[in-house]
Amino acid sequence: MSDYFQLKVAAAEAITVKLEASKSAENAPSVAKILSLVQDSSIEKQAQILNYESLSDQHLLPLVENLTQPLSGKMKYEEKVYNQNLEDFMKHCQALEKILGENYLLGEELSVADTTLAACLKPAFENLFGKSEREALPKLTNWYSSLMKNDKLKKHFKVNFIENRKVFDAAELEKKLAKEAEKARKKAEKEAKFAAKKAAAAAAKKDKPAKAAAKKEEKPAKAAAPEVVTYTEGTAKGDKKSTTCELPKAYSPKYVEAAWSEWWEKQGFYKPEYGRENVYADNPKGHFTIMIPPPNVTGTLHLGHALTLAVEDCITRWHRMNGKTVLWNPGCDHAGIATQVVVEKRLKKERNITRHQLGRDAFVDEVWKWKNEKGDTIYNQIRAMGASVDWDRAAFTMDPKLYKAVQTAFIRFHKNGTIFRSNRLVNWSCALQSAISNIEVDQKELEGRTLLPVPGYPEKVEFGVLISFSYKLEDGRTITVATTRIETMLGDVAVAVHPMDERYSDFVGKKLVHPFIPDREMTIIADDYVKMDFGTGAVKITPAHDHNDNDMGKRHNLPQINIFDDNGLVVGTGTKYDGMKRFDVRKQIVEDLKEIGQYVGTEDNPMVVPVCSRSKDIIEPLLKPQWYVDTDAMAKRACDVVTNKELKIIPDSHEKTWFRWLEDSRPWCISRQLWWGHRIPAYKATMTGEHKSFPNEEDYWVCGITEEEALAAAVEKFECGKDQISLEQDPDVLDTWFSSALFPFSAFGWPDENPELSRFFPGELLETGHDILFFWVARMVMFSLSLCDKLPFKEVYLHAMVRDAHGRKMSKSLGNVIDPRDVINGVTLKKLQESLLSGNLDAKEIKKAQDGQAADYPDGIPECGTDALRFALCAYTSQGRDINLDVKRVEGYRKFCNKLWNAIRFAQMQLGDDFVPSKDVLESKTGIDKWILSRLANCVEQCTSGFKNYDFPAITTAIYNFWLYELCDVYLETVKPIMWGDIGDASTKRAAQETLYTCLDVALKLSAPFMPYVTEELWQRLPRRAGDATPSIHVASYPDPTAFKRDEATESDIALMMNVVKQVRSLRGEYKLTNKQKTKTFLEVKSDASKQVLDSYSDFIRVLSNAEEIAFTKDIPAGCVLTVVNDDVNAHLLLKGVIDFEKEVVKMEKSRKGIENKISSQEKKMSAKDYATKVPEAVQAADKEKIESLRIELSEMDKAIEGIKKMLI
């Protein structure tokens, strides 16, 4: 990502001139840097450039990276995800193909829009656009080719077009990575030798402390971190923060974020009841309900949570400010497995006892104690993010009303046959002694033979190998099979071949002899599932321990022989292996096969190993009698509501995933062998005496919320007396996802009819990550339709996954999992690295993670504040699949907060203490007032449209651009001479004050959903219009687009004015003029229309361009330098008398000599012997770029010298 940003800025600089006036962009994010280089000041053109900037940064860049980085091994390759990304990317390219003209993006002239997009697409032309792709995109290809031929840009965009699109090749990539690893090893050795030499040299100089100290002093000091200012007014908790004290000179997050949250909460601003007599009554402005995806009670926030909170909060605040009855309902999930594991570890550590020693009831009491002590941590973190939730309605999935809903749902589903009991394969964790869901299974990819730690084994266990062995037929022949889990051969009941495989045509139906269990009947069967070209084309079948084998076993009516108990010990085989651990048997069987001559061989085998995310145990598929939900009918209905557009999924690219999951829906296992959670309300009935009988064991189960209810159900079902029945409740609990699926209505008291349920269910929106589209979103839809006959929400907005700046998935072992509090408050590298020690990483992983942290955050993470983090996350949230979040860019948005801060401080000085804004906005006196109000209208329109379309980058871009480039860079500069009395009269000043106030008031309201703290702090410092007693910006009305209007004629006039100003400033910059060196400016204007416009704004041009005077003439005096504004206007600066031309030539020729010396030195370096072979390619490329840059600088210097020499004649 950093390469892209460097390239686009370098390319933009190549076709523009950096403006002296753009100081605000010096340390700003890339968009600020780019716009500081835009020489053409047309506002419309700037807006178009920003659109392409947003398209490149937010939409295309993530796709390009997700498509190119897997090819080089920098990102995991997942075929389905990759193909979806490729499809999305090509759609964008086809759209660009349609809008491209014959020349460039914005017409006939090359612009920063072109260089920005080209920088983004360069890797695509290098890797993704083969001949066929280029033929399908002729305009896009010709456009890029024209940029490659441009003298100023060819060094940046030169690529060699490829014949075919590059595809992922695991074998080739492995070779490449091995080569790079060897290269890195040699480099490390070289660096180590150099370090040793350096250390020896340092040791030799240790007797020269004075010299060493002097050298140390010569090193430039690091830029000082922004001053941390704290709020010290002593406001009581819940009271309103003082806003009468003077604003600190600079923005400081700790100052700004103090005290506000407690006041907001105490005032009830975030409750739907606020400002309403009856919360349950209809609101003509509408209603909006959204449920927070309940985080685990054991968890802590990471940046993925922060993204969810930022997006949901800005949506919620926008609806609230639009006058709707709004509820954002918080909640927390009991997290069955995670919580039980935490408490079990605590008991072992503190009291050295297990849950079994404690007993079930006592253990559950311990969990509740832990929850009450520690469970508020996650809520406190949500508060820290500024979330505007209604805390009084917080719902915990084990609360009594939610418990009742879960029990009721199970009983209803069981009664109508949706829930049933069956003996099927489950994901079994021997360490947890429980079945777990697919989402709790990590798929660990192995390239080949790998030793992995497994709980309960003193030594690591071998995985990633394929072991071949032979089975003997009764007639003496053999057939070879291969397996990655050799221990499961004890459960084999058959060998399968493809029915069309001629090699085995006479084998089908023949009997096999098991080498260790000779009495077992085994047969060779034929099945289409077998792949003839994989291995030997013969597959061993273990129906009780493999999902595919289980399906095949059912097709062929094969026996299911379970060979493992819950602890992973071999049982029931009648062999010496009984009682041994599964992975001990793995090694022993290989030795025994060798001994009897049936071992064939072992080879490396890339594979995926299922690992329990909680215990790190290897998952074992086991047959277990469990409770299942039959989802067939539910899934069909859930597909129908999306097909019929009753439920909208945003972005719609995720609809394919929705249909893929649901159309292949299988029964959902909901039993968990835990003690913490919703105990299943099912009871096994045992009868005595006469009673009604049933054929299947599963029929002897009854349900009830209480045992009394279950007993009554049993009496009715079995037609006997109570005294004949004995009940035993199932000890298992329900899968956590079962209770989560009920959350949209269980939180409001379902199944009981009540006003809360009627008003707040169903909701309007569900917002979450796309990774749980099936596990949670689809199940909520299915359960809500089945139990309530309603959709739980109308829209589903799925945000992207957060990755690090390098595009890697967040992983503790990489050291790139960032706690948002560390971004908000700042953290040192030392503390970052210490945080890794409390996890479950081994020493090697900790070292790797700490190295990663040191590389990415050598100086730690600076304090950025909540507002900057929230704004950055929303700015990144394009409707794509991944977000590559560079924490350094968050720091750029802290500087943006400071820009708002300074704007308000400036306004306070210009408005004065006694300023009271008019009830209505006054008619503007000057064109500059009309212009900024027109640009404000544009910003309001863009924000409203963005919210309606969930286009958060469009909103943040509009807000950012208005504050930085329109309000601060243009309007505040032009209004200063009005405020200071240099232009206009008292009425002009008053109109400017009113305009300034309106801009600040509206812009803060537009920004408030994203940055709640800084906008509240600053808005409270502004005066109010008559009759406005709104207590907080967060309950103020959001700006209505219909209340603002565009003035395109004035925008065009100001664009011309600013173009003149910027061209003159640029020319002054070329001649190194200071602000004190005033110059006369002569404007040569061809058309009367342009002259009339510029004449009316001549005072502004004079002030903004540091001119002594502005004159309109075609008789240009000698001693002037020219800059062309456009084909209608030329500007001439009179330098004669301002600078000493002779001295200037001497000075510039001296500088020219310095550049020549640098070029000579660089050429000497690059022509050295072995330079091409010994110097790294990256360094050579940097050297080449440096010398080209110096040559351009020399050329520009020659032009400047020639221009001054002409004035000496």
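## Surface and burial

In this predicted model, the chain exposes about 55900 Å². Carbon and sulfur atoms supply 50% of that area. Turning to the inside, 53% of the 1209 residues count as buried, with under 20% relative accessible area as the cut-off.

## Overall build

Let's step back and look at the whole chain. It holds 42 helices and 33 strands. Its radius of gyration is 36 Å, close to the 33 Å that the globule rule gives for 1209 residues, so the chain is as compact as a globular protein of that length. Along its principal axes, the C-alpha trace spans about 120 × 85 × 70 Å.

How much of the contacts with a separation of 6 or more comes from residues 24 or more positions apart? Such pairs account for 77% of them.

## A four-stranded sheet

Now zoom in on one open sheet, where four strands line up in the order β31-β30-β33-β32 with mixed pairing. Its edge strands, β31 (1107–1112) and β32 (1120–1124), each pair on one side only. On average, neighbouring strands of this sheet are turned by 25° against each other, direction ignored.

Strands of a sheet pair through backbone hydrogen bonds, either parallel or antiparallel. For β32 and β33 (residues 1129–1134), the sense is antiparallel, over five bridges. You can look for one partnership yourself: Val1124 has Asn1130 in β33 as its bridge partner.

## Helices across the sheet

Which strands does helix α37 lie across? This helix, residues 1048–1070, lies across β30 (1079–1085), β32 and β33, and runs at about 40° to β33. Helix α38 (residues 1088–1096) lies across β30, β31 and β33, running at about 155° to β30.

Note on methods: Residues numbered from 1 in each chain as written. Predicted model: local features only at pLDDT ≥ 70, side-chain atom pairs only at ≥ 80, totals over all residues. Heavy atoms only, no water. Pairing = 2+ DSSP bridges. Helix = DSSP H or I, 4+ residues; strand = E, 2+ residues; numbered from the N terminus. Axes fitted to C-alpha atoms, helices over the stretch in contact; angles between N-to-C directions. Contact = heavy atoms within 4.5 Å. Rg over C-alpha atoms; globule rule 2.2 N^0.38 Å. Buried < 20%, exposed > 50% of the residue type's maximum accessible area, 1.4 Å probe, protein only. Areas by Shrake-Rupley, 256 points an atom, 1.4 Å probe, with all protein chains shown as cover.
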